[in-house]
Amino acid sequence: MRLLTAALLLLLIAMCLASAEGVKCKCSRKGPKIRFSNVRKLEIKPRYPFCVEEMIIVTLWTRVRGEQQHCLNPKRQNTIRLLKWYRVWKEKGR
């Protein structure tokens, strides 16, 4: 009986972890090049056990498409420049 309970508990934990994988790591595809002037919001989420690298999620606004969210590759030079620009822009209180 104890063996069956332990097996069911392990199965339940495995199912929970499998469902958490899809929720936490939403940057499977990397987004396009972006214009800094279109950035509305920038979120930096730390690494999770299921994600290899940190997630940088950018919310853009354009007249044609409205609001869209994209994941950016943290190793690209354009993303590094965006992070520096956003920190300066935020410090100025805009």
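**Strand pairing, cores and surface features of the chain**

In this predicted model, the chain exposes about 7600 Å², of which carbon and sulfur atoms supply 56%. Of the 94 residues in the chain, 24% are buried. The secondary structure comprises 2 helices and 3 strands, and the elements follow the order α-β-β-β-α from the N terminus. Among contacts with a separation of 6 or more, 48% are made by residues 24 or more positions apart.

The strands are paired through β2. Strands β1 and β2 run antiparallel and are joined by 6 bridges; within this pairing, K41 stands opposite T59 in β2. On the other side of the pairing scheme, β2 is joined to strand β3 (residues 66-72) by 7 bridges, again in an antiparallel arrangement. Here V58 stands opposite H70 in β3, and T62 stands opposite G66 in β3. The two strands β2 and β3 form a hairpin, with 3 residues between them. Strand β2 is largely enclosed by the rest of the structure, because 6 of its 8 residues are buried.

The largest nonpolar core is made up of 10 residues: I34, V39, L42, I56, V58, L60, L72, L82, L83 and Y86. Two or more residues of this core come from each of β1 (39-45), β2 (55-62) and α2 (77-91). One core member, I34, is in contact with V39, V58, L60, L72, N78 and L82, when its neighbours within four places in sequence are left aside. Another core lies apart from the largest one. This other core has 5 residues, among them C27, M55, I57 and C71.

The structure holds 2 salt bridges. In one of them, the side chains of K41 and E43 meet at 3.7 Å, N to O. In the other, the side chain of E43 meets that of K45, also at 3.7 Å, N to O. Through shared partners, these salt bridges join K41, E43 and K45 into one network. The residues of the network are partly exposed, a class that lies between the cut-offs of 20% and 50% relative accessible area. K41 has a relative accessible area of 42% and is therefore partly exposed. E43, at 21% relative accessibility, also counts as partly exposed, because buried residues must fall under 20%. K45 is likewise partly exposed, with a relative accessibility of 27%.

A nonpolar patch on the surface is formed by M1, L4, L8, L11 and M15. Together these residues have about 610 Å² of accessible area. M1 lies in the segment before α1 (2-24). With a relative accessible area of 80%, M1 is exposed, since the cut-off for exposed residues is over 50%.

In outline, the model combines a β2 strand that is largely enclosed by the rest of the structure with a nonpolar core of 10 residues and another core of 5 residues. The surface carries the nonpolar patch that includes M1, and salt bridges join K41, E43 and K45 into one network.

Key:
Residues numbered from 1 in each chain as written. Predicted model: local features only at pLDDT ≥ 70, side-chain atom pairs only at ≥ 80, totals over all residues. Heavy atoms only, no water. Core = buried A, V, L, I, M, F, W, Y, C linked by side-chain atoms within 4.5 Å. Buried < 20%, exposed > 50% of the residue type's maximum accessible area, 1.4 Å probe, protein only. Helix = DSSP H or I, 4+ residues; strand = E, 2+ residues; numbered from the N terminus. Contact = heavy atoms within 4.5 Å. Salt bridge = Lys/Arg side-chain N within 4 Å of Asp/Glu carboxyl O. Patch = residues over 30% accessible without salt bridge, like charges linked within 9 Å, V, L, I, M, F, W, Y side chains within 5 Å. Areas by Shrake-Rupley, 256 points an atom, 1.4 Å probe, with all protein chains shown as cover. Pairing = 2+ DSSP bridges.
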